[in-house]
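Me: I am new to this structure and should like to learn how to read it. Might we go through it one feature at a time?

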Amino acid sequence: MTTPTTVDIVLPCLDEAEALPWVLRRVPPGWRAIVVDNGSRDGSARIAEERGAYVVREPVRGFGAACHAGLRAASADIVCFCDCDASLDPGLLVPFVREIVAGEADLVLGRRRPTARGAWPAHARVGNLALSRLLRRRTGLRLRDLGPLRAARREALLALALTDRRSGYPLQMVVRASDAGWRVREHDVPYLPRTGASKVTGTWRGTWHAVQDMRRVLAEDVAGEGAGR
């Protein structure tokens, strides 16, 4: 499970006390877990600290705000991202990191493949499919998912100057990576039923807001490209 480089894994966290022990047990040996507490009220930060994670507190609410706080706190050569709700096993990132280290890719993403009925609700899949099509039209990338499991080099990620601090953060990372000429790869990963309720795509309304965030990111990046960004 070890890799010949330093790795930090960013785990954005909002009230994930029940899932955290499972997630942290599966962080590969030698990797540093950075749990970014985004205002939890269930003791998530304390649980993470007790299990040896480095905890960052990000008071500004938003998935992007938590992810970017973790990226800024990272110091390893390679940074990975993974949800903290036990829907994805952090150990799945090991081959992603190996691809980065081998120089075979610049950004590696996980394509979620549900392992059980209800693991990925229909409304979330529909929203993801629509965004994948918009992304293909915008960048030419033939990705089938915009999931949270991903790996890239820290300095290169910081150089993308990501600005979204809500649900559009994962999409903006891919768009700007594509604009910068990065080699982006995607691999299937098992997607488990999450522990607890989703803060973003657990409802049609939450999914709609996430899609709107991502549409806004696409519009902003198109405008930025036209202005010579």
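**Reading the structure, feature by feature**

Reply: Let us begin with a single residue: Cys80 counts as buried because its relative accessibility is 0%, where buried means under 20% relative accessible area, exposed over 50%, and partly exposed in between (1.4 Å probe, protein chains only). This is a predicted model, in which local features need pLDDT of at least 70 and side-chain atom pairs count only at pLDDT 80 or more, while totals for chains, interfaces and linings use all residues. Residues are numbered from 1 along each chain as its sequence is written, and side-chain values use heavy atoms, with hydrogens and water left out.

Me: How many helices and strands does the chain have?

Reply: Helices (H or I, at least four residues) and strands (E, at least two) are DSSP runs, numbered from the N terminus. The chain has 8 helices and 7 strands. Of its 229 residues, 55% are buried.

Me: In what order do the strands of the sheet lie?

Reply: Strands of a sheet pair through backbone hydrogen bonds, either parallel or antiparallel. Two strands are taken to pair if DSSP finds at least two bridges between them. Here 7 strands make an open sheet with mixed pairing, in the order β3-β2-β1-β4-β6-β5-β7. Its edge strands, each pairing on one side only, are β3 (54–57) and β7 (184–191). On average, neighbouring strands of this sheet are turned by 20 degrees against each other, direction ignored; axes are lines fitted to C-alpha atoms, for helices over the stretch in contact, and angles run from 0 to 180 degrees between N-to-C directions.

Me: Which pairings would illustrate the two senses?

Reply: Strand β4 serves well, for β1 and β4 pair in the parallel sense over 4 bridges, whereas β4 and β6 run antiparallel and are joined by 4 bridges. Ile9 has Cys80 in β4 as its bridge partner, and Val79 stands opposite Ala152 in β6. Further along the sheet, β2 (residues 32–37) and β3 run parallel, joined by 4 bridges, and Val35 has Val55 in β3 as its bridge partner.

Me: Are the faces of β4 covered or open?

Reply: Both faces of β4 are covered: Ile78 and Cys80 are buried on one side, and Val79 and Phe81 are buried on the other.

Me: Which helices lie against these strands?

Reply: Contact means heavy atoms within 4.5 Å. Helix α3 (residues 63–73) lies across β1 (7–13), β2, β3 and β4 (78–81), and runs at about 155 degrees to β1. Helix α7 (residues 169–179) also packs on the sheet, where it touches β4, β5 (107–114) and β6 (150–153), and its direction makes about 135 degrees with that of β5. Helix α7 is mostly covered, with 10 of its 11 residues buried, among them Leu171, Met173 and Val175.

Me: How many disulfides does the structure hold, and why is Cys80 not bonded to Cys82?

Reply: A disulfide is a pair of cysteine sulfur atoms within 2.5 Å, and the structure holds 0 of them. The closest cysteine sulfur to that of Cys80 is in Cys82, at 9.0 Å, which is too far for a bond. For Cys82, the closest cysteine sulfur is in Cys84, at 7.7 Å, again too far for a bond. Cys82 is buried, with a relative accessible area of 1%.

Me: Which charged ends sit over rings?

Reply: A charge sits over a ring if NZ of Lys or CZ of Arg is within 6 Å of the ring centre and within 35 degrees of the ring normal. The charged end of Arg32 sits over the ring of Tyr54, 4.9 Å from its centre. Likewise, that of Arg112 sits over the ring of Tyr191, 5.3 Å from its centre.

Me: Which residues other than glycine have a positive phi?

Reply: Most residues other than glycine have a negative phi. Two residues with a positive value here are Asp15, with phi near 55 degrees, and Ala161, with phi near 55 degrees. Asp15 is found in the loop between β1 and α1 (20–25) and is partly exposed, at 31% relative accessible area. Ala161 is found in the loop between α6 (154–159) and α7 and counts as partly exposed, at 44% relative accessibility. Gly181, just after α7, takes a positive phi of about 85 degrees.
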